[in-house]
Amino acid sequence: MNQAYAELESKIAEIKALDHMMDLSNWDESTNMKPASAPNRAEMVATTAALRQRLIADEGFGELLERAAEGELSDMEAANVRVAERTRKQSIAVPEDLLKESKRVQSECHTVWARNRPLNDWVNTLPSLEAVIRVSIEMSQCLAEAFQLAPYDALMNQYETGNLQSDIDSVFDEIKTFLLREVPNVESDQISPLPFSESFSDTDQLKLAEFSMRELMFDFDRGRLDQSAHPFSCGTANDARLTTRLSANDFTHSLFAVFHETGHARYTQNQPNQWVMQFVGEPTGMAVHESQSLFMEMQICRSDAFLEYIHPMIRLLLRRNGSDASWSLENFKRTVRHVKRDLIRVYSDEMTYPFHIFLRYAIEKQLCNGDLQVKDLPDAWNDGMMELMGIDTRDDFTNGCMQDIHWYEGLFGYFPCYLLGAIFAAQLYQACVRKIGDQTENVRQGDFSAISAWLAENIHSKGSLLEGQTLIRTVTGEELSATSYLSHLNRRYVNS
């Protein structure tokens, strides 16, 4: 290892320590922190973010990068330099005062959203969201100038390098055309599931969640499960944290959120541990990250084989061992694969889920381009929901434009990652089957070892060695395409 590169790793480790501390702060804010603590926490986060930026923007760090790049480097070391250079360019593009302001208003808005969402209180949330969107637009303009991108493309590239509207729009349009045609047919042909009549205790749901996580090979010696207003995953290889949101009336809401977040957390736990304090040890992008959660939740956990495996354990852990027809295996399958246009994105089925992404993607672009004022967001939301799904959301802010935490935390440009993740997941599943063979019988027996090992080897352990779409292309041999994804939907829902 050349001396300059060794010094660079030491500096990056300092930056990553701040990243990890801010990650834990976000977890604490979402799970344990009291609302009265919000102002102080917002200032702490803003100050930490500014310190991080100073380390990256420092001229000495830039000179060190240049010297490190001139020496002989391994593939992972070269990738570490590449990601560091990009991170530095992003940091320099955004003035420190703007960065601090963005972190402050995002933290404050998070708390306002968490307080006001259950109250359906849009009026008292609007000023905080306006502040977040104002600074997000300013940041998009700074990043757009630095990277020579359109402002919304610059926002997307914070989460998945290489994402461009010009590349994904045609793929999204192909999927939208398919769904608008096929969703009504699936809805009319399916047999409606019998509803669960009982309520479900938090204790039983958490027991089921922890059992499921262990079965899917989550390591509780290096991670934990908590509750939050919105499910999420964060942490590092040796400290992976995920949350779920419990529902007394429908245990499947929490359970499938756990499946989803466990997919994220397994990616985190399988990251290359020797690189955990370096940029190259990070996941390569959030579309790839979402592919891991959706690989688990959709490709595996909604399959016949998995549902046949987990169904008896669900009945046991939820103590539902009677002969009620609603607890039959067939009714369970119908329940978790029932196609129904729903208000809530995270509770949506595979067929209607993309409609939620189309809506948010369209609104984000309008906000970013100045074509939509924040005060008009509920009307734009209702118009989009009526057009895509025929659902009226007027005056229902809790289940409308306040349902997701993303905008209230400033995560503009993130939502396309969800649909890209579903597309990548379908491509990866087909590549997995081609490489290690059909895993149906193993899954039916609760054996996920071969699938987990394949994902760990081909995706998780790579860190940021390759950029997201390059990694997917390398593993699958395919460019970004809707083909595998639409084949999956056809096989499971249309031609079933």
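Helices, here DSSP runs of H or I with at least four residues, are numbered from the N terminus. With that numbering in hand, the loop between α10 (251-269) and α11 (286-300) is where Asn-273 is found. The model is a predicted one, and the account below moves from this residue to a second one and then to the whole chain.

Asn-273 has a relative accessible area of 40%, so this residue counts as partly exposed. Leaving aside residues up to four places away in sequence, Asn-273 touches Ala-237 and Asn-238. Glu-66 stands 207 residues from Asn-273 along the chain, and 26 Å separates the C-alpha atoms of the two.

Ser-484 offers a helical setting to look at next, as part of α20 (residues 483-494). Buried means under 20% relative accessible area; Ser-484 has 11% and is therefore buried. Its contacts, again not counting residues up to four places away in sequence, are Ala-426, Gln-427, Gln-430 and Glu-478.

Turning to the chain as a whole, 20 helices and three strands are present. The C-alpha trace spans about 70 × 50 × 45 Å along its principal axes. A compact globule of 496 residues would have a radius of gyration near 23 Å, and the 22 Å found for the chain therefore agrees with that expectation. Of the 496 residues, 58% count as buried. Among contacts with a separation of 6 or more, 77% come from residues 24 or more positions apart.

The accessible surface comes to about 20,200 Å², with 48% of it belonging to carbon and sulfur atoms. As for charge, the chain carries 47 positive and 73 negative side chains, and 4 Å lies between the centres of the two sets.

Terms used. Residues numbered from 1 in each chain as written. Predicted model: local features only at pLDDT ≥ 70, side-chain atom pairs only at ≥ 80, totals over all residues. Heavy atoms only, no water. Helix = DSSP H or I, 4+ residues; strand = E, 2+ residues; numbered from the N terminus. Buried < 20%, exposed > 50% of the residue type's maximum accessible area, 1.4 Å probe, protein only. Contact = heavy atoms within 4.5 Å. Rg over C-alpha atoms; globule rule 2.2 N^0.38 Å. Areas by Shrake-Rupley, 256 points an atom, 1.4 Å probe, with all protein chains shown as cover. Lys, Arg positive; Asp, Glu negative; His and termini not counted. Charge placed at Lys NZ, Arg CZ, Asp CG, Glu CD.
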